[in-house]
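Colleague: Please take one part of this model and go through it closely for me. I would like to see how the chains meet.

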There are 4 protein chains.
Amino acid sequence: MSTLRNKVQLIGNVGQTPEIRNLESGKKVASFSIATNEFYKNSKGEKVQDTQWHNVVTWGKQAELIEKYVDKGKEVAIRGKLTSRSYETQSGEKRYVTEILVNEILFLGNKENADQ
Amino acid sequence: MSTLRNKVQLIGNVGQTPEIRNLESGKKVASFSIATNEFYKNSKGEKVQDTQWHNVVTWGKQAELIEKYVDKGKEVAIRGKLTSRSYETQSGEKRYVTEILVNEILFLGNKENADQ
Amino acid sequence: MSTLRNKVQLIGNVGQTPEIRNLESGKKVASFSIATNEFYKNSKGEKVQDTQWHNVVTWGKQAELIEKYVDKGKEVAIRGKLTSRSYETQSGEKRYVTEILVNEILFLGNKENADQ
Amino acid sequence: MSTLRNKVQLIGNVGQTPEIRNLESGKKVASFSIATNEFYKNSKGEKVQDTQWHNVVTWGKQAELIEKYVDKGKEVAIRGKLTSRSYETQSGEKRYVTEILVNEILFLGNKENADQ
DNA sequence: TTTT
DNA sequence: TTTT
């Protein structure tokens, strides 16, 4: 996988308990969201917070680590690939979802560290 | 701007002539899309291409450089921040758009190089 | 500064109390080292640790934050630029030093968070 | 390999024909240097160029690609890991070398593209 | 010289 | 929906 061509990296906090699905193959898939928070002063000198939410998906062994170690509020660093996919709503409309497929995750600020 | 907390980096090709808008302030905004192409072999050993399309937005001086130098097919490297925003359709439905706000752009493979 | 052309990013632990120097201009300079630790299994299946040490330098307001908040063992994320410089030893020999000039630092896993 | 903990990325030009060594195992090793060029204005408003040289090492299949496709002056993008090692001079002194072990390389601005 |  |  080319991480020079398509790379996302986030350091932020997990929004809620990750959702774990079990595939027929026995593999797990973990889906969760990460908030990245930035603080800066606007043109009036007021402190402003810019929070962005990101959809994140991981597979296999990493999904198992996430099921075990990641919970709401935890600080993580992830590296992955930016992807979009489309699906149809029940009324036949096309919708787009942007997700980050994770290649690597670090659990930060943890004594019981469980990095991949 | 924190590029440790929220960073996207792409190396790819511009999909079409960038769309340039002029703000009332005199500033320009350039919007365009970038395709990132990856090639890999699937489990059957067949060569597969995965192309992802990304929405990219830049402001000010960078938008001017893009108006001058960037055209359909050009190879560029960008670094920016992953953002999402929502808007309402005419029928009152909420839609989400994910865009990359560019902090830096390089024009690759160019003799007449015009990096920011 | 082009972080697309020359970028280093580290997540690791500070080796010892940073050294702070005061320039005549009133500016501060902070120098310290960061250990990055990787764990992997070698060809015999044994768990191996690869630790790399990096020299890191920061200026100005960031150096002040480092003086206040960073100490031996703390986990930090940094982004910067890879630089080399040479100097002469007392016996007239040329020596080379490689250092990372920091653009951004995050203090990780911290309740009393003091990010730049 | 953890590219979140220890990552270097460079976009620059190769300094001279890469040096290729053949290991007893049959593997190849390619060593070369990359110049990264930055342009900025100093406090007097003069245009200044800052060129940094970096030592780069690659192994195996990538070294073969480098032998085939890379030559003096070529523009490349690399991603790798920052490492230092020490050796002894003939007079018994310890010397340190900092090198980037490459994980990924792109050959830029090339019609006959030969990315890994 | 850190950390797990 | 997180965090400071």
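Modeller: Here is a walk through the two interfaces, then a look at the strands behind one of them.

This is a predicted model, in which local features need pLDDT of at least 70, side-chain atom pairs count only at pLDDT 80 or more, and totals for chains, interfaces and linings use all residues. Residues are numbered from 1 along each chain as its sequence is written, chains are lettered from A and ligands numbered from 1 in the order in which they are written, and side-chain values use heavy atoms, with hydrogens and water left out.

Start with chains A and B. In this pair, 25 residues of chain B touch 25 residues of chain A; contact means heavy atoms within 4.5 Å. About 2200 Å² is buried between them, with 42% of it on carbon and sulfur atoms. Buried area is the accessible area (1.4 Å probe) that two parts lose on being put together, summed over both.

Now the charges. Six salt bridges cross between chain B and chain A. A salt bridge puts a side-chain nitrogen of Lys or Arg within 4 Å of a carboxyl oxygen of Asp or Glu. B:Asp50 and A:Lys81 form a salt bridge through their side chains, at 2.8 Å from N to O. Polar contacts between chains B and A number 15 residue pairs, both partners at pLDDT 80 or more. A polar contact is a pair of N or O atoms within 3.5 Å; within protein, one must be able to donate a hydrogen and the other to accept it, and residues adjacent in sequence count only if both atoms are side-chain atoms.

Which strands of chain B supply at least two residues each to the side that touches chain A? They are S1 (6-14), S3 (28-41), S4 (47-59), S5 (75-88) and S6 (94-107). Strands (E, at least two residues) are DSSP runs, numbered from the N terminus. S1(B) gives the largest share of this side, six residues. By class, this side of chain B has eight nonpolar, 10 polar and seven charged residues. Here Ala, Val, Leu, Ile, Met, Phe, Trp, Tyr, Cys and Pro count as nonpolar, Asp, Glu, Lys and Arg as charged, and the others, Gly among them, as polar.

S1 does something else too. Strand S1 of chain A (residues 6-14) pairs with S1(B) in the antiparallel sense, over five bridges. Two strands pair if DSSP finds at least two bridges between them. Opposite B:Asn6 in S1(B) stands A:Leu10.

Next, the symmetry. A rotation of 180° with 0.0 Å of shift along its axis lays chain B on chain A, at an RMSD of 0.1 Å. That is the relation of a two-fold axis. In chain B, B:Val8 has the C-alpha nearest the axis, 2.2 Å from it. Both copies use the same surface: 100% of the contact residues of chain B recur in chain A.

Now chains C and B. Here 14 residues of chain C are in contact with 13 of chain B. The buried area is about 1100 Å², and carbon and sulfur atoms give 50% of it. C:Leu4, C:Arg5 and C:Glu104 supply 46% of what chain C buries against chain B, more than any other three residues. This interface has zero salt bridges. It does have 10 residue pairs in polar contact.

Finally, look at C:Glu104 within its own chain. C:Arg79 stands opposite C:Glu104 in S6(C). S5(C) and S6(C) pair in the antiparallel sense over 13 bridges. They form a hairpin with five residues between them, and C:Gly92 in the turn has a positive phi of about 85°.

Notes. Helices (H or I, at least four residues) and strands (E, at least two) are DSSP runs, numbered from the N terminus. Copies are superposed by least squares on the C-alpha atoms of residues with pLDDT of at least 70 in both.
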